Amino acid sequence: MEMEKLVALCKRRGFLFQSSEIYGGLNGFWDYGPLGVELKRNIKEAWWRDMVIGHDDLSTPVGAPGSYEMTGLDCTIIMHPQVWKCSGHYDLFQDSMVECRESKRRYRYDQVRGRWVEAKQERIFVTTLAEADHEEEDTTTRALRYFKLRSKQTDQLNWAENFETLPEVDDLSRVLGPDAKTLGTLGEPRNFNLMFETIVGALGGEKDKAFLRPETAQGIFVNFKNVCDSTRVKVPFGIAQIGKSFRNEITPRNFTFRSREFEQMEIEFFCHPDASPDWYQYWRDRRMKWYEDLGLSSERLRLREHDADELSHYSTGTADIEYAFPFLPEGEFGELEGIAHRGDFDLRSHMEGKLDETTNPLQIELGADGQPKWRGSGKDLTYFDADSFDQVKEDLGLRSFKQYVAGRSEQANPGYPFQFIPHVIEPSAGADRAALAFLCEAYDEDKQPDEKGKMQTRTVMRFHPRVAPIKCAVLPLVRKDGMPEIARDIYRAIKPQFPVFYDEKGAIGRRYRRQDEVGTPFCITVDGDTLKDKTVTIRHRDTLEQSRINIDDCVDDIRKHLE
Ligand code: ATP
């Protein structure tokens with residue numbers, strides 16, 4: 001699939017627009033149009049339903065080590081600045097960037113790609129920011145311009161076989177920057193913190209500086225105690241949140257894939273340390289299956305376990321769910337979701353202070369004065385499993401937990417295994433990347449006969465009915481003989497149940513194609529027979545199969561595909 005076609009369709013049919021487009025747009029920001037907003041809401045609602053409200057707290061799901069509870073939160077985007085200091089984002093949430101002296105632009109160091117070329121006895125590295133299928137064309141055009149050659153003289157360019165990224169290039173003085181005309185204009189890579197800063201209140205001093213959250217996860221950690229104290233949830237349980245996150249990405253690109261404002265769908269799942277490896281396996285597989293069930297194909301979707309050397313030492317596993325987006329080079333995949341075993345790193349950081357990620361066992365990072373560099377909340381975020389203790393209390397001949405702890409006071413964790421800092425499994429997904437993957441997966445072209453029997457190319461978005469923006473269209477065959485009246489009644493009966501579109505204008509074939517192009521899975525047509533026997537035709541987008549059903553069965557017939 002060519003990405004341009006999808007981008008054009010998204011604009012033409014109202015899935016995605018560039019933010020503030022009439023003012024020339026703002027790089028890295030996107031608006032969802034009338035159909036896009038439905039698609040994205042459907043994704044978020046499917047996630048919330050499948051992970052949170054539809055979850056059965058009493059049964060053990062397939063593959064899970066046991067039953068568990070799920071609950072939700074909706075936290076603020078701006079939080080106490082100490083949150084980001086303790087979480088590590090203030091010091092460490094940075095990317096390496098290079099700045100071009102000539103164009104004054106900044107680029108993410110590891111994302112600038114290019115290839116070596118030799119001509120006129122000079123060897124240079126030509127970079128490009130073009131998407132995968134235009135990289136060759138773009139580097140060729142730029143090399144011709146640099147060497148002052150004409151397009152007929154491409155044979156004078158001797159190219160290295162492979163594209164490489166900037167970190168693989170030793171000598172930046174040989175590099176032609178992505179927007180530069182002269183060589184060696186890129187400076188040495190520097191670190192750049194990705195958090196957006198803002199000022200809270202009217203005074204606006206340094207101490208009022210705050211940050212737009214770069215992830216929703218921290219809101220969950222800092223509310224862990226509130227949730228435990230205000231509900232009756234017991235470990236193991238998960239807290240879910242959907243919300244906006246902001247990252248001042250150095251080079252936003254690839255349509256919405258890397259945006260500066262985006263939405264995340266995150267779960268922090270709190271469990272007993274001993275059971276955490278099993279819960280990690282469960283969540284990894286569960287999340288992968290979610291995408292498969294919603295129609296992402298197996299050959300473009302993969303689950304990639306991180307190698308041991310990619311893992312932080314406090315994690316026993318991290319996996320990415322990845323999709324082969326069409327704008328990536330052949331064989332490359334882009335992250336849709338990360339599932340990480342995070343141990344007790346986050347809760348401990350918010351309790352004791354920022355931890356030094358490189359220490360093993362984890363130590364609090366100290367400042368020059370020997371005090372914690374960033375102080376934690378000091379609140380007790382341990383969990384006491386009273387039920388488990390009560391079960392064994394009598395066998396152990398104890399009256400109270402205090403007595404249990406007193407008897408083990410020489411141990412590092414005297415309350416263990418009944419009192420502990422829960423370990424966390426974090427499935428962290430992006431709603432926008434999911435929407436983009438569903439759009440890429442859905443796009444298809446096939447050949448279908450038009451009214452005159454002539455084969456025509458049909459663009460069809462093969463969305464799973466659950467994510468399709470419009471579930472069904474109601475179409476009177478002609479605008480007479482009472483057909484529009486019946487069709488409008490059907491439309492009104494369906495409308496309170498799910499999104500439906502009424503269309504009576506133009507030839508029926510053209511109306512079908514307009515619906516195929518936005519992925520409407522079903523079309524209901526009112527025709528001459530409807531007037532006689534109260535049946536309508538239901539047409540299936542993918543198979544083009546048409547069958548007759550009773551008018552009264554329309555809602556139920558469609559609903560069974562939405563579950
Ligand atoms: P990447 O390596 O692609 O920058 P990441 O590993 O930093 O991603 P996480 O911090 O794990 O991403 O965030 C969890 C999810 O949030 C990602 O899997 C992705 O779906 C989404 N996400 C992260 N950054 C962006 C972004 N700039 N634009 C859109 N979605 C994003």
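Contact, as I use the word in these entries, means heavy atoms within 4.5 Å. The model I am reading is predicted.

**Entry 1: Lys 85**

I looked up Lys 85 first and found it in helix H3, which covers residues 81-87. Setting aside neighbours within four places in sequence, I listed its contacts as Tyr 90, Lys 354 and Trp 374. With Tyr 90 there is a further detail: Lys 85 lies over the face of that ring, 4.8 Å from the ring centre. I then asked which side chain of opposite charge is nearest to Lys 85. I found Glu 206, at 7.1 Å. Lys 85 is buried, yet I recorded no salt bridge for this residue.

**Entry 2: Arg 458**

I turned next to Arg 458, which belongs to strand S25, residues 455-461. Is Arg 458 buried or exposed? Its relative accessible area is 2%, so I entered Arg 458 as buried. I noted a polar contact between its side chain and the side chain of Asp 516, at 2.9 Å. The side chain of Arg 458 also reaches the backbone oxygen of Arg 541, at 3.1 Å. Beyond its neighbours within four places in sequence, the contacts of Arg 458 include Asp 444, Glu 445, Asp 446 and Arg 539. I followed Arg 539 a step further and found its charged end over the ring of Tyr 512, 4.3 Å from the ring centre.

**Entry 3: Aromatic pairs**

I searched the whole structure for aromatic pairs, and the search returned 34. For Tyr 383 and Phe 420, I noted ring centres 5.7 Å apart and planes at 55°, so I recorded the pair as tilted. This pair links distant parts of the chain, since Tyr 383 is in strand S21 (residues 383-384) and Phe 420 is in strand S22 (residues 419-420), 37 residues apart. I recorded Tyr 383 as buried because its relative accessibility is 10%. Phe 420 is likewise entered as buried, at 5% relative accessibility.

I also examined Phe 389 and Phe 401, an edge-to-face pair with 5.2 Å from centre to centre and 80° between the planes. Here too the pair links distant parts of the chain: Phe 389 is in helix H10 (residues 386-393), Phe 401 is in helix H11 (residues 401-406), and 12 residues separate them. Phe 389 counts as buried at 2% relative accessibility. Phe 401 is buried as well, with a relative accessible area of 15%.

**Entry 4: An aromatic cluster**

Which residues join Tyr 68 in one aromatic cluster? I listed Phe 269, Trp 279, Tyr 282 and Trp 283.

Technical notes
Residues numbered from 1 in each chain as written. Predicted model: local features only at pLDDT ≥ 70, side-chain atom pairs only at ≥ 80, totals over all residues. Heavy atoms only, no water. Helix = DSSP H or I, 4+ residues; strand = E, 2+ residues; numbered from the N terminus. Buried < 20%, exposed > 50% of the residue type's maximum accessible area, 1.4 Å probe, protein only. Lys, Arg positive; Asp, Glu negative; His and termini not counted. Salt bridge = Lys/Arg side-chain N within 4 Å of Asp/Glu carboxyl O. Polar contact = N/O pair within 3.5 Å; in protein donor to acceptor, adjacent residues only side chain to side chain. Phe/Tyr/Trp six-rings, centres within 6.5 Å; stacked < 30°, edge-to-face > 60°. Lys NZ or Arg CZ within 6 Å of the ring centre and 35° of its normal.
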